[in-house]
Amino acid sequence: MHGEAENLGAQALAPGAEVGGFRVMRLLHEGGMARLYAVERLAGDPPAFPLLMKIPSLGFGSHPGCLVGFEVEQMILGRLRGPHVPRLVASGDQAGTPWLVMERIDGGRLTDAVTRAPLDAAEVARLVGAVAAAAHALHRQNAIHLDLKPENVLFRADGTAVLVDFGIARHAELPDLIEEEFDLKAGSGAGIAPEQLQGRRGDPRSDLFALGVIAYQLATGKLPFGAPTSGSAMRRRLYIDPLPPRAIQPDLPAWLQETILRCLEIRPDARYATAAQLAHDLAHPGQIPLTERAERRHRAGPLIVAKRWLQGLREPGLPASTPSRHLASAPHVMVAIDLDDRRDTLARAMRRTLRRALHAEPDLRVTLVAVLQPLTFGEDATPEVAHSQQTTALVALRHWARPIGLPLEKLRIHVAEGSDAAGTLLDYAAAHHVDRIIVGARGHSALRRYLGSVSARVVAEAPCSVYVVRPNENNP
Amino acid sequence: MRTALLADIHSNLEALQACLAHARREGAERFVFLGDLLGYGADPLACLDIIAELAEQGAPVVRGNHDAACLGGDLHEMSLTPREAIYWTRKQLGPRERDFLAGLPLAIAEVDRLYVHASADQPEAWTYITGAQEAAQSLAATSARIVFVGHVHHPLLYFTTPGGALRSFQSVPGVPVPLSDYRRWLVIAGAVGQPRDGNPAACYAMLDAASGAMTHFRVPYDAHAAAKKILNAGLPERLAWRLTVGQ
């Protein structure tokens, strides 16, 4: 058999070589750490998707981190599920050289978009939103990628983002095999988050920083921190912030700069709490509350930089957290509101439920959703009437939420249109990673029967927990 | 094939039965006993019956310091409470039980694994693996890739790193940890019969040969029944209390 004398990774395998029950068809990619091959199964039914084999480039003098990255990828990929990661098919070892066979994603690559950058805001939002959704799916499985960059993002034909290369990823329920001091490559110079540089590998918001770097690059064509290779050059981002994107691209919308700079905040708790919140904002840019970030035109001055530098010296070591624990404090709570239901007792009971959630889950996001019946033709179905209906609903929802005293940042309002209220609510919940739905129980009058069927169907079909709130008339 | 590894049973019949039943439900086809079958608890004979039967069917069983103490010798290195339990246990054992205990080896090697109660380094010294240094000494004393131990009543894993230093990992109960082929591992199985990490649920380890992964399981059992038997046997009250709180 050719190409597999002693060391699988020493040189590229020729087409036809056989490894662990798979036949090499062709070399796809030769990187510094590994070679990728298109392979097929030698026996049995062919799988429903194309296959890729990854073999580390282990030769004389190769980086020892190579093998560690392989162990980590094998361990973590084997644990992950869903459309946002390639499926691990098999793994093995041949004379000391490991190999992995996984699903091959033949769709687009985020690097292609980078070559076209700067892109318009809508495309940046669409691409980064897709990657954020993938990152959130990972975080929900208690894992963090820690090396998100365009090279590690592929797309399925339907636009679903797929994250690859889990060589320095972290899974909170598995041992961390990465040794910071030994594995020089504990992140990529362009996208590594400040806290990663301090050796913290447990915060899912590190991936949000990397998403900010990707968004910045797509929106401006430039990297916010360059691509430093030395640790000291990377550590500049601990106190020096990037040039605001609108200083490079003046026509960039304010909301996009707000979003990007929030991802690039030095302190993780100043960033979006979850990738789902980022994706949600990118899908509804009009709802993003703008802060000073949106209008910034310069980097922070020397005084602020000096203050950050001093703060960094005093920064206490934060307690280790896990993605699951972090996500538990930052759920996306969707409140389905029936604007025709005028019962004050129900509104009060629902707001009380929200206040309790705000107390227990300080990083939560609340989205109030109302569903309007579409206007039928022949009536007053002019765009003006529809618009005024929308506006009335938005105003009513804001008014509904006012007594809760939710900070602007935590509240989003959405008026949807659909003749099928339950279906519209369920679609919204699925599309925006909603963790909990709060819905009012139907009243006792016969008029409420139709709406009652809405809450019943939401309960039955929701992708998450549903709280059905019923006002207690005797003890309001 | 799945193998259940049980350490520190300490004459706790309720915990042993609960763990064996749990392991069988989880697909265990083999059992390994990592020592300290006796001591502390009130059911030495019933526990030995079960273990000896499994040993006859091929289950490896190694000797722990409490098992050795039950065979005789002075106990001046043992503190008062366990010493009292050992004296009590000695009186329960017949010749058959003593023969079984006397025949137990200190360590058993199997494929790329070693089973030993305390440390692979001088097993008879009953060294506690309380940190990376003791774990490293234990791994240095054997060529086995994976060492399974008991003795320390807290479940934990140690693994080698390319840099040389050993690191530890606290597994999550029920979550399999792949034991990478490119490293060496020391697995503390946790205690079946007397957990001391604040969780009174019995603890054991399961090794899945096909996937190369190890899982710590926590099994709730009727600790109050075991505690009541300890009180009824006239054993120290503290031994009963600690089962109910896992201390």
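Start by selecting Asp36(B), which sits in the loop between β2 and α2 (44-56) of chain B. (Helices here are DSSP runs of H or I with at least four residues, strands are runs of E with at least two, and both are numbered from the N terminus.) Asp36(B) is not a glycine, yet its phi is positive, about 55°. Show its surroundings and you'll see that Asp36(B) is buried, with 30 other C-beta atoms within 10 Å. (Buried means 20 or more other C-beta atoms within 10 Å of a residue's own, exposed means 12 or fewer, and partly exposed is in between; the C-beta atoms are placed from the backbone.)

A word on the model before moving on: it is predicted, so local features need pLDDT of at least 70 and side-chain atom pairs count only at pLDDT 80 or more, while totals for chains, interfaces and linings use all residues. Residues are numbered from 1 along each chain as its sequence is written, and chains are lettered from A and ligands numbered from 1 in the order in which they are written.

**Stay in chain B**

Now pick His10(B), in the loop between β1 and α1 of chain B. Its phi is near 50°, again a positive value in a residue other than glycine. Is His10(B) buried or exposed? His10(B) counts as buried, because it has 29 C-beta neighbours inside 10 Å.

Next, colour the open sheet of chain B, whose 5 strands come in the order β2-β1-β10-β11-β8 with mixed pairing. (Two strands pair if DSSP finds at least two bridges between them.) Which strands stand at the edges? They are β2 (28-33) and β8 (177-178) of chain B, each with a single partner strand, so one side of each has no neighbour in the sheet.

Zoom in on β10(B), where 6 of the 7 residues are buried. On one side, β10(B) pairs with β1(B) in the antiparallel sense over 4 bridges; select Thr3(B) and you'll find Leu207(B) as its bridge partner in β10(B). β10(B) is also joined to β11(B), by 7 antiparallel bridges, and there Leu207(B) stands opposite Met214(B). Follow the chain around the turn: β10(B) and β11(B) form a hairpin with 4 residues between them, and Gly212(B) in that turn has a positive phi of about 70°.

Met214(B) is worth keeping selected, since it is also the bridge partner of Val177(B). That pair belongs to the link between β8(B) and β11 (residues 213-219), which run antiparallel with 2 bridges.

Then bring up helix α1 (residues 13-25) of chain B: it lies across β1 (2-6), β2, β10 (202-208) and β11, running at about 30° to β10(B). (Axes are lines fitted to C-alpha atoms, for helices over the stretch in contact, and angles run from 0 to 180 degrees between N-to-C directions.)

**Over to chain A**

Zoom out to chain A, with its 16 helices and 15 strands. Its radius of gyration is 25 Å, close to the 23 Å that the globule rule gives for 476 residues, so chain A is as compact as a globular protein of that length. (The radius is taken over C-alpha atoms, and the rule is 2.2 Å times the number of residues to the power 0.38.) Buried residues make up 42% of the 476 residues in chain A.

Colour the antiparallel open sheet of 6 strands, in the order β1-β2-β3-β4-β6-β5. β1 (18-19) and β5 (88-94) of chain A are at its edges, each with a single partner strand, so one side of each is left without a neighbour in the sheet. At β1(A), 2 bridges lead to the antiparallel strand β2 (residues 22-30), and Val19(A) has Phe22(A) as its bridge partner. At β5(A), 6 bridges lead to the antiparallel strand β6 (residues 97-103), and Gln94(A) is partnered with Thr97(A). β5(A) and β6(A) form a hairpin with 2 residues between them, and Ala95(A) in the turn has a positive phi of about 50°.

Another backbone stop is Pro118(A), in the loop between α2 (110-116) and α3 (121-140) of chain A. The peptide bond from Ala117(A) to Pro118(A) is cis, with omega near 0°.

Finish with helices α5 (residues 205-220) and α8 (residues 254-263) of chain A, which pack at about 140° with their axes 7 Å apart. Residues making the contact include Leu208(A), Phe209(A) and Tyr216(A) of α5(A), and Leu256(A) and Ile260(A) of α8(A). (Contact means C-beta atoms, placed from the backbone, within 7 Å.)

How values were computed:
Pairing = 2+ DSSP bridges. Contact = placed C-beta atoms within 7 Å.
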